[in-house]
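Reader: I would like a close look at a single part of this model, namely one place where two helices pack, and then at how that part sits beside the nonpolar core. Please take it slowly and keep to what the atoms show.

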Amino acid sequence: MRLKVATSPDWAAAVLRDLDAFLLDHAACERKASSSAMALVAHYPDRPELVAACIELAREELEHFQRVATCIAERGLVLAPDRKDAYMGAMARAFRKGGEAYFLDRLVTAAVAEARGCERFGLVAAALPPGPLRDLYRDLARSEVRHHELYLSLARRYFGEDTVSSRLEEVLALEATVIAELPVRAALYG
């Protein structure tokens, strides 16, 4: 998947200036990603392929949360309460109403968000000095590739290549607009 707009180089600089804030935000994002995968299981229990894939995904996202939470604790910080994410809120507002359209939009939007996470984790890894934190972000970037491919694979399974490709282009265009409008700050999405 090719995102329509690249993250500004200023974003990585903002993350490095306030790495603690970024880590706290990132931990919350991983926890929410695990919950989102399980929400798909709860909403679509009649789709066994999705159930199996999303249970495994939720476990992996929770493991990522644990790894980031450990980094936070090692820095003498404590986890913060969740706050609304402007990026995900804007993306979710574009979900179409109706069973199948809504389902497709959830899968495609999740794939795009994972692709953005992949790009940004790669930027963080490239900006950090060699060490455990850099290694963590390199590993997480690789995971995000698998995650966005999983969501697209599920979408294609249930909706077919043409339908998914068409909706993906629309969601990617929306995502580019959302990214352009968000302020640059030390948060995964903005």
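Which residues in H4 meet which residues in H7?

Author: In this predicted model, the H4 side of the contact is made by Tyr87, Ala90 and Met91, which meet Val171, Leu174, Glu175, Val178 and Ile179 in H7. Sorted by class, the contact of H4 with H7 has seven nonpolar residues, one charged residue and no polar ones. As for geometry, the axes of H4 and H7 come within 10 Å and cross at roughly 145°, and the crossing in which H4 passes H7 is right-handed.

Tyr87 leads from this contact to the core: in the largest nonpolar core, which has 57 residues, Tyr87 is among those that touch the most other members, together with Phe22, Leu50, Leu107, Leu133, Tyr137 and Tyr151. At least two residues of this core come from each of H1 (9-17), H2 (19-43), H3 (48-74), H4 (86-93), H5 (99-127), H6 (132-159) and H7 (161-181), with the largest share, eleven residues, supplied by H5. Leu50, leaving aside residues up to four places away in sequence, touches Leu40, Val41, Tyr44, Phe103, Leu107, Leu154 and Tyr158.

A last point concerns the cysteines, since the structure holds zero disulfides. The sulfur of Cys29 has its closest cysteine sulfur in Cys118, and because the two are 15 Å apart, they are too far for a bond. Cys29 is buried, with a relative accessible area of 11%, and Cys118 is likewise buried, at 19%.

Note on methods: Residues numbered from 1 in each chain as written. Predicted model: local features only at pLDDT ≥ 70, side-chain atom pairs only at ≥ 80, totals over all residues. Heavy atoms only, no water. Core = buried A, V, L, I, M, F, W, Y, C linked by side-chain atoms within 4.5 Å. Buried < 20%, exposed > 50% of the residue type's maximum accessible area, 1.4 Å probe, protein only. Helix = DSSP H or I, 4+ residues; strand = E, 2+ residues; numbered from the N terminus. Contact = heavy atoms within 4.5 Å. Axes fitted to C-alpha atoms, helices over the stretch in contact; angles between N-to-C directions. Left-handed = near helix turned anticlockwise from the far one by under 90°. Nonpolar A, V, L, I, M, F, W, Y, C, P; charged D, E, K, R; others polar. Disulfide = S-S within 2.5 Å.
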